[in-house]
Amino acid sequence: MNEDAKHTTLKGLFWNAIDRFGNQIIVTVVGIITARILPESDFAVIGVLAIFSTIATSFIDSGFGTSLVRSKEVNDKDYSSMFVFNLAVSTVLYLALFISAPFIETYYGISGLALYARVLFLQLLIHAFGIVQYVKVLKNMQFNITARVNVLAVFLSGTIAIAMTFLDFGPWVLIWQPVLYSTFRTTLFWLWGNWKIDFSVSKTVLKRHLGFSLSFMAANMLGKVLSPLYVSFVGKHYSEVQTGHYYQANKWGETPNLLISSIIQGTTLSTLTSLQDDRPRFLNACRKSMSTLVFVLLPVSFLAISVAEPAFVLVLTEKYRHAVSFFQLLCLAGIFISLTDMNVNFVNIKGRSRYALILEIVKVSLALLLLGLTYDKGVLTIIYGQLAVRIVSYVLSTQFSRLVYGYSLGLQFRDLLSATLISGSAAFLSFLPQYFSVLDNLLGLLILQSVIFIVVYCGLNHLTRNTIWMELLQLVKNKILKQNI
């Protein structure tokens, strides 16, 4: 990368990190409080409805946003056409889901689910009003605005959710929280964005963007639907308590992976667009982005797996002890989700969204096949099938990356090897105090394991002179020297 691109990327990474980590800290606090107070069965309600929200949101996003971001030239007609198109789609989808709500309640057999669904799905209409403002901010690489909006929106909605939890609103806490988040987020984007509402539509614009966006939309929908599909499947065939356990394990298991990968992807989508026609530079930038991802992703995921039992029991209480093994496997599966999504992101930047669609069709087909074979064998067996799907999907995604711009499985294995070995070694050593029951105090054990992991991970990176580690140290040194001067 040249210096300008590097500066822009680092700036984007900084603000995306502020956005995602700030957002996640608040979400984690709210999630812990609600998990400790609300019964497990309440989470089954939001769990089984997630698949419908996910599918509908994918239709509303429609891939138009990504198409606009990756396009080199965009004008007001592009934005207004996107706005009208998304608003029309969201209205039709909400009406369809509103009418279907009683049938959803009958299918899952959860009392009051129809009303919960009709309120939850309001977020779709609200979301549609803010997409254009978000895309324009992203297109202009104003990551600071995105960070402020997202963190403030999640803080306001989370604060209200906590208050509702203590006021004994029950499942309504989980229903209203995403609706309030969408409301605050959309409102703030309109306050801080600079796009003025316009209802003009151009058929030429729609045609130009739909060629890319329809494939992207289908791939995006299938990709996002997989996780809620499993929750929905468990909710249909197992008790509400078991569904609640699986929902929490899946939610926390995917969190570190999706959090970190979203920071990297949110930046690369904008910064790598200018390199898409220069194959060697694009490949080099992709390798650098992937190496950066795994440098942060793997230690966080391996540490979470290592300390899962004391963390779950201490933070979420004893009632979630049975979800620990679910969490560990789903956290491992989450690593492959992030790696796959990174490959898909690179392929989409190159404009080859049909490859992403092929991948998602294969992924969902394989998932449905394994679900059909394992749905009555227990939740743990279902999760093993889920892990297998994630691994196969990652391998297939590397083949598409190889075809499009030369990033093969062999090259990726080389870029992943160091972080995998170092993270695995740190996780093994940090697990030993738990295995040998060194401490009975859960908080003390959690701290001891975390300290061991961090010391080993940092120490091994320094001993092996890991490139990213050395660059990070140099960056910190430069900052310190600059402040001293």
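**The second largest pocket and its surroundings**

The lining of the second largest pocket holds 11 nonpolar residues, 1 polar residue and no charged residues. I begin there, and I should say at once that the model on the screen is a predicted one.

Let me describe this pocket further. The second largest pocket contains about 230 Å³ of space. Which helices each supply at least two residues of its lining? They are helix H11, spanning 279–306, helix H13, spanning 324–349, and helix H16, spanning 409–435. Of the contributing elements, H16 gives the most, with 5 residues. The residues that line the pocket are Leu298, Phe302, Leu332, Ile335, Phe336, Leu339, Tyr394, Leu409, Phe413, Leu416, Leu417 and Thr420. Threonine falls outside the nonpolar class and outside the charged class, so Thr420 is the polar member of this lining.

I turn now to the chain as a whole. The chain has 18 helices and 0 strands. Of its 485 residues, 53% are buried. The chain exposes about 21200 Å², and carbon and sulfur atoms supply 68% of that area. As for contacts with a separation of 6 or more, 83% of them join residues that are 24 or more positions apart.

Next come the enclosed spaces. How many cavities of 30 Å³ or more are there? The count comes to 2. The second largest cavity has a volume of about 40 Å³. Two or more residues of its lining come from each of H13, helix H14 (353–374) and helix H15 (379–405). H13 is thus named in connection with the lining of the second largest pocket and with that of the second largest cavity. Around this cavity we find Asn343, Val344, Val347, Tyr355, Ala356, Leu359, Ser397 and Phe400. By class, its lining divides into 6 nonpolar and 2 polar residues, with no charged residue. Asn343 and Ser397 are the polar pair, because neither asparagine nor serine is counted as nonpolar or charged.

A word on cysteines. A search of the whole structure finds 0 disulfides. Among the cysteines, is cysteine 286 buried or exposed? Cysteine 286 has 0% relative accessibility, and so counts as buried. Cysteine 458, by contrast, has a relative accessible area of 26% and is partly exposed.

Let me move to the backbone. Most residues other than glycine have a negative phi. Two residues deserve a remark in this respect. Threonine 317 is not a glycine, yet it has a positive phi of about 80°. Threonine 317 sits in the loop that runs between helix H12 (308–316) and H13. Serine 437, likewise not a glycine, has a positive phi of about 50°. Where is serine 437 placed? Serine 437 belongs to the loop between H16 and helix H17, the latter covering 442–463. Its relative accessible area is 52%, which means that serine 437 is exposed, the threshold being over 50%.

Another residue of the loop between H16 and H17 is aspartate 440. At 76% relative accessibility, aspartate 440 also counts as exposed. Aspartate 440 and proline 310 are 130 residues apart in sequence, while their C-alpha atoms are 10.0 Å apart in space.

Finally, I come to helices H7 and H8. Asparagine 150 is part of helix H7, residues 143–166. Why does asparagine 150 count as buried? Its relative accessibility is 4%, and buried means under 20%, so asparagine 150 falls in that class. Leaving aside residues up to four places away in sequence, asparagine 150 touches Asp19, Asn23, Tyr181 and Arg185.

Phenylalanine 184 lies in helix H8, residues 172–192. Its relative accessible area is 23%, and phenylalanine 184 is therefore partly exposed, as the buried class ends at 20%. With residues up to four places away in sequence again set aside, phenylalanine 184 touches Ala153, Leu156, Ser157 and Ile160. One of these partners, serine 157, is 27 residues away along the chain, and its C-alpha atom is separated from that of phenylalanine 184 by 7.6 Å.

To close, I return to the starting point: the second largest pocket has no charged residue in its lining, and neither has the second largest cavity. Thank you for your attention.

How values were computed: Residues numbered from 1 in each chain as written. Predicted model: local features only at pLDDT ≥ 70, side-chain atom pairs only at ≥ 80, totals over all residues. Heavy atoms only, no water. 1 Å grid on protein atoms, 1.4 Å probe; cavity = no way out; pocket = protein on both sides within 12 Å on 5 of 7 lines; lining within 4 Å. Points joined across faces, edges and corners; volume = space filled by probe spheres on them. Helix = DSSP H or I, 4+ residues; strand = E, 2+ residues; numbered from the N terminus. Disulfide = S-S within 2.5 Å. Buried < 20%, exposed > 50% of the residue type's maximum accessible area, 1.4 Å probe, protein only. Contact = heavy atoms within 4.5 Å. Areas by Shrake-Rupley, 256 points an atom, 1.4 Å probe, with all protein chains shown as cover.
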